[in-house]
Amino acid sequence: MILETYLKQNNTTFKQVHLASGIPQTTVRSIDKRDLDKWSIEYFEAIGKTIGKDKFEVIKELENLRSALENQVAPNEKKIAGRYNLENRRYIGNKNKLLSWIEELLLNHVSGDSFFDVFGGTGVVTKKILPNYNKFILNDFLFSNNTIFKAFFGDEKFDSSKINDYKNKFQKIESNHIDDDYFVDNYGNKFFSNQDARIIGEIRTQIEVNSELNEREKSILIASLIYSTDKIANTVGHYDAYRKNIDIKNRFVFELINPIDISNKKIDIFRKDANQLVREVKTDIAFIDPPYNSRQYSRFYHVLEGLAKWNKPDLSGVAMKPPVENMSDYSKTVAPIIFDDLIKNLNAKYIVVTYNNTYTSKSSSSKNKITHEEILESLNSVGETRVFEKPFQFFNAGKTELNGHKEFVFITEVKK
């Protein structure tokens with residue numbers, strides 16, 4: 001961020017530094033993610049050569065800029081000292097362990113200034129590559145993920161003092177006063193202790209009826225509640241079932257998230273069907289990590305979806321699920337057709353697809369609905385595709401046997 005800001009102040013671009021110095025543009029971009037004290041002297045020389053300044057002058061100006069950036073935040077925009085970062089979630093198919101590899105592939109094999117995270121999920125990919133691009137489109141069809149995106153990546157100003165006051169207030173709640181017991185009646189002594197469920201429901205209702213919060217502030221508090229709730233839930237990582245015959249302890253503590261600094265970035269957040277959205281937007285790089293098996297995310301995370309929506313539907317079944325909605329075609333047998341439609345309607349220079357080889361899994365719910373060959377066929381129909389692979393430990397709840405599991409990344413340069 002320091003180098004990007006500095007170059008803009010000197011009417012210079014990453015590409016100009018690359019052309020003047022011979023250092024690859026991807027390398028020039030990547031150094032901006034390092035601490036200034038760890039930059040090589042050749043980088044300062046390259047920058048100075050580009051803008052016509054001595055390397056020592058460049059060093060001094062960058063140090064002054066770093067100091068200015070650290071102190072320019074207004075009082076009501078100070079970072080919240082929260083407990084939870086974006087990646088602190090249990091989520092099937094998350095890419096936390098693959099982020100560095102994915103970023104390296106992006107830096108070395110694609111170029112552009114805009115990035116479209118088509119199936120955003122937890123949002124960790126966008127967070128990881130945030131320093132590398134200026135324009136982002138972040139999309140996911142889950143209400144809970146959309147709320148979390150607005151909380152972490154939103155550009156609306158928020159009052160940190162107000163948020164901290166609510167944290168202190170919520171941490172003192174011991175029972176419900178305005179909530180109608182919906183949450184405790186449905187989830188108490190199942191996913192949570194009765195006491196924890198009662199407090200969670202009370203906090204969510206207080207947020208809902210509050211007229212003093214702007215949309216960003218409300219999203220931050222709801223996202224904080226989601227993270228705090230998920231942290232202590234009596235599950236194996238999702239809400240398709242809860243662990244039975246155990247004594248559920250009172251463990252809930254409301255803690256805040258840490259919103260992400262998106263200064264000088266443009267991030268458009270959507271909750272749309274991906275196949276519809278690709279017909280409406282344009283990007284340099286489209287990153288695609290769709291669900292590949294029969295596990296429906298809206299059913300796996302229905303409790304968190306309910307917290308985000310707070311529409312209190314009638315629930316049924318052992319896991320207390322709401323009526324079916326938001327079911328993804330990517331988890332059905334029509335997935336190859338839907339995927340092909342997505343690829344053919346993307347308006348992008350590069351398409352990057354992640355895939356794991358669970359197609360031969362013995363578990364029917366884990367079997368991929370789209371094969372490796374079908375992905376390649378769709379991608380090759382719009383451009384030239386390269387395939388990268390590495391071993392990866394897949395999410396396993398105990399019933400799925402996977403040997404030689406690999407994660408693949410397909411990178412397609414789209415035909416002009």
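Hi everyone. Before we start, one definition: I call two strands paired if DSSP finds at least two bridges between them. And please keep in mind that this is a predicted model.

Let's begin with the strands. Ile-137 stands opposite Asp-268 in strand S3. That fits into a wider pairing, since S2, residues 135-139, and S3, residues 266-270, run parallel and share five bridges. On to strand S1, residues 114-117: this one is also parallel to S2, and four bridges join the two. Here you can look for Asp-117, whose bridge partner in S2 is Leu-138. So is S2 mostly covered or open? Mostly covered: four of its five residues are buried.

Now please turn to helix H12, residues 215-232. With 18 residues at 1.5 Å each, this helix should span 26 Å, and the end C-alpha atoms are indeed 26 Å apart, so expectation and model agree. At the N-terminal end, Asn-214 acts as the cap, with a side-chain oxygen 3.1 Å from the backbone nitrogen of Arg-216. H12 is largely enclosed by the rest of the structure, because 15 of its 18 residues are buried.

Which residues of H12 does helix H9 meet? They are Glu-217, Ile-220 and Leu-221, and on the H9 side the contacts come from Lys-162, Ile-163, Tyr-166 and Phe-170. As a general reminder, an α-helix has 3.6 residues a turn, so residues three or four places apart point the same way. The axes of H9, residues 160-171, and H12 come within 11 Å and cross at roughly 35°. That crossing is right-handed.

Thanks, and I'm happy to take questions!

Note on methods: Residues are numbered from 1 along each chain as its sequence is written. This is a predicted model: local features need pLDDT of at least 70, side-chain atom pairs count only at pLDDT 80 or more; totals for chains, interfaces and linings use all residues. Side-chain values use heavy atoms; hydrogens and water are left out. Buried means under 20% relative accessible area, exposed over 50%, partly exposed in between (1.4 Å probe, protein chains only). The expected span of a helix is 1.5 Å times one less than its number of residues. A polar contact is a pair of N or O atoms within 3.5 Å; within protein, one must be able to donate a hydrogen and the other to accept it, and residues adjacent in sequence count only if both atoms are side-chain atoms. Axes are lines fitted to C-alpha atoms, for helices over the stretch in contact, and angles run from 0 to 180 degrees between N-to-C directions. A crossing is left-handed if the near helix is turned anticlockwise from the far one by less than a right angle, and right-handed if clockwise. Contact means heavy atoms within 4.5 Å.
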